[in-house]
Amino acid sequence: MCIRDSINAEYMGLKRIQQMEAPKPTVLFCIANNCEDMETIIPISLLRKAGAVVTIAKVPDSEEDKLNSQCRLSRGAKIVVDTIIDAVLAIEYDMIVLPGGTQGALTMHNSKALISLLIKQKESSKWYCAICSSVGIVFGQNHLIDDEYATSYPGFDMYIKKKDKFKESVVVSNKCITGKGPGSSYLFGLKLIEALFGVEKFNEIWDDIALPMQLHAFHIIRFGTVSYTHLRAHETLRYLVCRLLLEKKKQ
């Protein structure tokens, strides 16, 4: 083995040890009955795929509902939750995420326990995120995004004060991430991953779930998630397409 190979092997070994020892980011994913299926299932799946420790907490809509370990989503899917919101009030998380679905969002809006957690999360400069109607109903009405750019499902923009980026699928503003709707669920989930793990993990998961290269190229041009230098260093078919599009844009 040459010296260079020996150094590379040692480096990779140290990198694996660091990855094993690094604490995994923690995410509190809050859901209620009638939350939107895609906005719930897809981000949870992506976050867990990336290695985040995701706790699914139910926001019950009644005292009786507290005893039910399942949530029924708006299209009929059933999610088995890990806990209820009242049980996690003393726990700190790196990120709190809310899916949309109007009825579920209204339940979460009416939860004093959840709103107190979100206010604490914002004041602690930690990630708080929502998609679709929850952006307006929960974040907007509780003044959690008064000073943030945000997007949401069309029709809920009345609760958003800074609307310059409302047409975007996903908006990152300081420690707040918002998504537009069900069709944005994959990109929303990937941006949560990028916030917690960095751009390399974003690209790794994008590749792993085989999202279309055209969508990735559009995202790079629109949001600049991957640098031009990074593309030149990874001359795969997907990156070649992205690089050519970037070169065309520069002309």
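## A walk through the fold, strand by strand

The protein exposes about 13000 Å², and carbon and sulfur atoms supply 54% of that area. Keep in mind as you look around that this is a predicted model. With the whole chain on screen in cartoon view, you have ten helices and nine strands in front of you. Buried residues account for 47% of the 251 residues. Of the contacts between residues at least 6 apart in sequence, 64% join residues at least 24 apart.

**Stop one: strand β6**

Select residues 95-98, which form strand β6, and show the side chains. Are its faces covered or open? Both faces of β6 are covered. On one side you will find M95 and V97, on the other I96 and L98, and all of these are buried.

Now add the neighbours of β6. Select residues 26-31 to bring up strand β1, which pairs with β6 in the parallel sense over three bridges. For a landmark along this pairing, click on V27, whose bridge partner in β6 is M95. Next, select residues 127-131 for strand β7, which runs parallel to β6 and is joined to it by four bridges. Two places are handy for finding your way here: V97 stands opposite C129 in β7, and L98 has A130 as its bridge partner.

**Stop two: strand β7**

Stay with β7 and colour its residues by burial. How many of its five residues are buried? Five of the five are, so β7 is largely enclosed by the rest of the structure. Turn the strand to view each side: W127, C129 and I131 cover one face, Y128 and A130 the other, and all of them are buried.

From here, step across to strand β9 by selecting residues 176-179; β7 and β9 run parallel, with four bridges joining them. Click on A130 once more, and you will see T178 of β9 opposite. A130 is thus a good residue to label, since L98 in β6 is its bridge partner and T178 in β9 also stands opposite A130.

**Stop three: the cysteines**

Select the cysteine sulfur atoms next. How many disulfides does a search of the whole structure find? The search finds zero. Start with C30, which is in no disulfide: the nearest cysteine sulfur belongs to C35 and is 9.4 Å away. C30 counts as buried because its relative accessibility is 0%. Then move to C71, which is in no disulfide either; the nearest cysteine sulfur is again that of C35, here 7.0 Å away. C71 is buried too, with a relative accessible area of 1%.

**Stop four: aromatic rings**

A search of the whole structure finds two aromatic pairs. For one of them, select F202 and W206: the ring centres are 5.6 Å apart and the planes meet at 40°, so the pair is tilted. Follow the backbone between these two, and you are in helix α7, residues 199-208. F202 and W206 are four residues apart in this helix, so about one helical turn separates them. F202 is buried, with a relative accessible area of 0%, and W206 is buried as well, at 2%.

**Last stop: charges over rings**

Finish with two lysines. Select K165 and Y149, and you will find K165 over the face of Y149, at 5.0 Å from the ring centre. Then select K201 together with F197: the charged end of K201 sits over the ring of F197, 5.9 Å from its centre.

Conventions: Residues numbered from 1 in each chain as written. Predicted model: local features only at pLDDT ≥ 70, side-chain atom pairs only at ≥ 80, totals over all residues. Heavy atoms only, no water. Buried < 20%, exposed > 50% of the residue type's maximum accessible area, 1.4 Å probe, protein only. Contact = heavy atoms within 4.5 Å. Areas by Shrake-Rupley, 256 points an atom, 1.4 Å probe, with all protein chains shown as cover. Pairing = 2+ DSSP bridges. Disulfide = S-S within 2.5 Å. Phe/Tyr/Trp six-rings, centres within 6.5 Å; stacked < 30°, edge-to-face > 60°. Lys NZ or Arg CZ within 6 Å of the ring centre and 35° of its normal.
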